[in-house]
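Subject: Handing over the structure

Hi,

Here is the structure I promised to pass on to you. Please have it open while you read, as my notes follow below.

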Amino acid sequence: RLLGYETTADSIIHQGTSSSVGTFPIGIDPQKFLTCLETQQVKDFAEGLKTRFKDKRVIVGVDRLDTIKGIPNKLLAMEKFLIENPHMAEEVVLVQYVVPSRLDVPMYQELSRELHELVGRINGKHGTLFSNPICLFDQSLAFPEMVALFSVADVALITSLRDGMNLVSYEYVACQKDRHGVLILSEFAGSAQCLGAGALLINPWDIDETATALADALNMNLVQRAALHKHAFRYVLQHTAQLWAETFVSLLSVQRVQNEQMEERVPPRLNQEVLCKSIS
């Protein structure tokens with residue numbers, strides 16, 4: 001409007017061409033995860049994890065090493081939770097995978113050091129000779145291992161400070177088809193707009209709120225967990241990556257046809273060079 005262009009609710013028209021703006025949240029291929037869950041390899045991994053963390057409630061986090069992922073906030077919230085619930089120090093474990101990224105950048109090197117210092121401090125204060133409340137891994141996960149970990153986790157904790165979508169939330173929901181684990185999701189992740197009805201939304205800057213959400217998730221009864229998961233699982237199944245691609249390409253094709261029709265009705269642009277020669 002400031003430039004004098006014609007506008008509609010979702011487009012700008014200039015010189016006979018319409019440019020549209022839309023929101024197209026991407027999804028995942030949920031069937032890939034559901035199929036993988038039934039493989040013997042994943043079942044064996046899952047059994048191994050259940051044995052490793054026997055009698056513990058598992059909280060899972062899988063993030064790329066990045067300042068926007070809010071991993072320090074997650075660890076501080078876990079520390080706050082343990083301070084407020086010391087009796088659960090040996091009953092819960094946060095399994096946090098941090099996928100290495102940009103390790104040649106000093107800022108990311110400092111972030112990695114900060115994470116290890118936080119984990120050392122928390123485990124040193126709340127751990128025992130036999131168990132630690134946080135397991136931190138600086139590595140990526142093979143797909144079957146990730147699916148197995150998601151399938152046995154009671155809670156997924158996502159504390160992004162700013163994120164485009166964060167499809168880890170979708171992947172966790174898909175892997176919880178039977179167990180109905182609880183998703184704690186940052187309100188600053190794009191997926192919060194899609195899965196909000198099926199998750200506990202938190203502000204990751206509010207450490208107290210996140211610690212309270214952890215307690216709520218771990219104490220939630222099966223009926224409540226199933227109700228939350230039903231909303232999230234339905235959305236993940238319906239809004240797949242395939243649907244995203246088909247919707248985007250379809251609307252792109254419609255836009256192209258509309259522009260072609262619009263161009264037919266617009267007079268050709270004046271050729272200034274020819275005009276100048278005819279006047280001179």
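Which residues in α1 meet which residues in α6? On the α1 side they are F33, L34 and L37, and on the α6 side they are E171, A174 and C175. Before I go further, please keep in mind that this is a predicted model.

**Three helices that pack on one another**

To find your way around, look for helix α1 at residues 30-37 and helix α6 at residues 168-175. Their axes are 9 Å apart, and the two helices pack at an angle of about 45°. An angle of about 45° makes α1 oblique to α6, and the crossing of this pair is right-handed. Sorted by class, the residues of the contact of α1 with α6 are five nonpolar and one charged, with no polar ones.

Helix α1 also packs against helix α5, which covers residues 143-152. Here the axes come within 10 Å and cross at roughly 85°. Since angles of 65 to 115 degrees count as roughly perpendicular, that is the term for α1 and α5. From α1, the residues K32, F33, C36 and L37 take part, and they meet F143, P144, M146, V147 and S151 of α5. This contact of α1 with α5 divides into seven nonpolar residues, one polar and one charged. You will notice that F33 and L37 turn up again: they meet residues of α6 and also residues of α5.

What about α5 and α6 themselves, at what angle do they pack? The angle is about 70°, and their axes are 8 Å apart. These two helices are therefore roughly perpendicular to each other, and their crossing is right-handed. M146, V147, F150 and S151 are the α5 residues in this contact, and V168, E171, Y172 and C175 are their partners in α6. By class, the contact of α5 with α6 has six nonpolar residues, one polar and one charged.

**Three residues to look at one by one**

Next, please find K74, in helix α3 (residues 71-84). Is K74 buried or exposed? Its relative accessibility is 0%, so K74 counts as buried. Apart from neighbours within four places in sequence, K74 is in contact with G61, D63, L94, Q96, L157 and T159.

T210 sits in helix α8, which runs over residues 207-219. T210 counts as buried because its relative accessibility is 1%, and buried means under 20%. Which residues is T210 in contact with, leaving aside neighbours within four places in sequence? They are A77, L157, T159, I202, N203 and P204. L157 and T159 are thus in contact with T210 and with K74. The side chain of T210 also reaches the backbone oxygen of D206, at 3.1 Å. Along the chain, T210 and L76 are 134 residues apart, yet their C-alpha atoms are separated by 9.3 Å.

Last comes W205, in the loop between β9 (200-202) and α8. W205 has a relative accessible area of 57%, so W205 is exposed. Not counting residues up to four places away in sequence, W205 touches N73, L161 and F188. The C-alpha atoms of W205 and S160 are separated by 9.6 Å, with their positions 45 residues apart along the chain counted as the distance apart.

Have fun exploring, and write back whenever you like.

Best wishes

How values were computed:
Residues numbered from 1 in each chain as written. Predicted model: local features only at pLDDT ≥ 70, side-chain atom pairs only at ≥ 80, totals over all residues. Heavy atoms only, no water. Axes fitted to C-alpha atoms, helices over the stretch in contact; angles between N-to-C directions. Helix = DSSP H or I, 4+ residues; strand = E, 2+ residues; numbered from the N terminus. Parallel < 35°, antiparallel > 145°, perpendicular 65-115°, else oblique. Left-handed = near helix turned anticlockwise from the far one by under 90°. Contact = heavy atoms within 4.5 Å. Nonpolar A, V, L, I, M, F, W, Y, C, P; charged D, E, K, R; others polar. Buried < 20%, exposed > 50% of the residue type's maximum accessible area, 1.4 Å probe, protein only. Polar contact = N/O pair within 3.5 Å; in protein donor to acceptor, adjacent residues only side chain to side chain.
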